Amino acid sequence: MTDYFPRNLPLESVPLTKTTVNTSMAETDNLSEKLAITIAEAGSERKAGEILLLKVADVSYLSDYFVMMTGYSRVQVRAIAAAIEEKVETDLQRRPLRTEGKAEGSWVLQDYGDVIVHIMMPKEREFYNLEAFWIHAERISLPNSDQVEDKPR
């Protein structure tokens, strides 16, 4: 395959309408937060443990939010991932841009662009310790959460 691109592109490749996006930053942030909370709720419905919602927009350009949760078996990790995809598609009409790790089931990553989801087995979560890596990110408390942040480990 070559890196040659023709100079004269066909006119059909240029959009014919001049639509501009009139979404403010606050609206975008609210949509991202709604997506992250929807993901956390879907994980909670599948009994995911230690659900953590981090707002990383201020400390990283990768995403606006990270949602991390624990599944206690490979089957549960896959079920949590499937439940998240289903709930987000049903409620918000969005699908992940890419999904990695579903076949192995020990760590599934779902990339929604503005929200990145990590569903990990306890061993992987403890070893990689992403919470410590993103220590500067703001922790968002989840509505109706029965999880206590400062519980002893």
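This is a walk through the structure, stop by stop, with something to select at each one. Keep in mind that you are looking at a predicted model.

**Stop 1: the whole chain**

Start with a cartoon view of everything. The protein chain has 4 helices and 6 strands, and from the N terminus on they run α-β-β-α-β-β-β-α-α-β. If you colour by accessibility, 39% of the 153 residues come out as buried. The chain also folds back on itself over long stretches of sequence: among contacts between residues at least 6 apart, 61% join residues at least 24 apart.

**Stop 2: the sheet**

Now show just the strands. In what order do the 6 strands of the open sheet sit? Read across, and you get 3-4-5-2-1-6, with mixed pairing. Go to the two edges next, where you'll find strand 3 (98-100) and strand 6 (138-140). Each of these has a single partner strand, so one of its sides has no neighbour in the sheet. Look along the sheet and you can pick up the twist: neighbouring strands are turned by 20 degrees against each other on average, ignoring direction.

**Stop 3: strand 1 and its partners**

Select strand 1, residues 49-55. Strand 1 is mostly covered, with 6 of its 7 residues buried. On one flank, strand 1 pairs with strand 2 in the antiparallel sense over 5 bridges. To see that ladder, show L53 and its bridge partner V67 in strand 2, then L54, which stands opposite F66. Strand 1 also runs antiparallel to strand 6, and 3 bridges join them. Keep L54 selected here, since its bridge partner in strand 6 is R139.

**Stop 4: helix 2 over the sheet**

Add helix 2, residues 74-92. Which strands does helix 2 lie across? There are strand 2, strand 3, strand 4 and strand 5, and helix 2 runs at about 155 degrees to strand 5.

**Stop 5: the nonpolar cores**

Time to look inside. As a rule for soluble globular proteins, nonpolar side chains tend to be buried together. Here, the largest nonpolar core has 25 residues. Select I39, M69, I84, V115 and I119, the members that touch the most others. At least two core residues come from each of helix 1, strand 1, strand 2 (65-70), helix 2 and strand 5 (115-120). Helix 1 gives the largest share, 6 residues.

Zoom in on V115 and show what surrounds it. Leaving aside neighbours within four places in sequence, V115 is in contact with S32, L35, A36, I39, S63, Y65, V67 and Q110. Then look for a second, separate core of 10 residues, which includes V56, F66, M120 and W134.

**Stop 6: a buried serine**

From V115, step across to S32, which lies in helix 1 (residues 25-45). Is S32 buried or exposed? Its relative accessibility is 0%, so S32 counts as buried. The S32 side chain makes a polar contact with the side chain of D114, at 2.8 Å. Not counting residues up to four places away in sequence, S32 touches D64, Y65, D114 and V115.

**Stop 7: the aromatics**

Finish with the rings. The structure holds 4 aromatic pairs. Take W107 and Y128: their ring centres are 4.9 Å apart and their planes sit at 55 degrees, so this pair is tilted. The two come from distant parts of the chain, 21 residues apart, with W107 in strand 4 (residues 107-111) and Y128 in helix 3 (residues 122-128). Both count as partly exposed, W107 at 24% relative accessibility and Y128 at 44%.

Then move to F133 and W134, an edge-to-face pair with 5.1 Å from centre to centre and 85 degrees between the planes. Colour this pair by accessibility and see how the two partners differ: F133 is exposed, with a relative accessible area of 62%, whereas W134 is buried at 12%. Last, add F66 to the selection, since F66, F133 and W134 form one aromatic cluster. You have met F66 before, opposite L54 and in the second core.

Conventions:
Residues numbered from 1 in each chain as written. Predicted model: local features only at pLDDT ≥ 70, side-chain atom pairs only at ≥ 80, totals over all residues. Heavy atoms only, no water. Buried < 20%, exposed > 50% of the residue type's maximum accessible area, 1.4 Å probe, protein only. Polar contact = N/O pair within 3.5 Å; in protein donor to acceptor, adjacent residues only side chain to side chain. Contact = heavy atoms within 4.5 Å. Phe/Tyr/Trp six-rings, centres within 6.5 Å; stacked < 30°, edge-to-face > 60°. Core = buried A, V, L, I, M, F, W, Y, C linked by side-chain atoms within 4.5 Å. Pairing = 2+ DSSP bridges. Axes fitted to C-alpha atoms, helices over the stretch in contact; angles between N-to-C directions.
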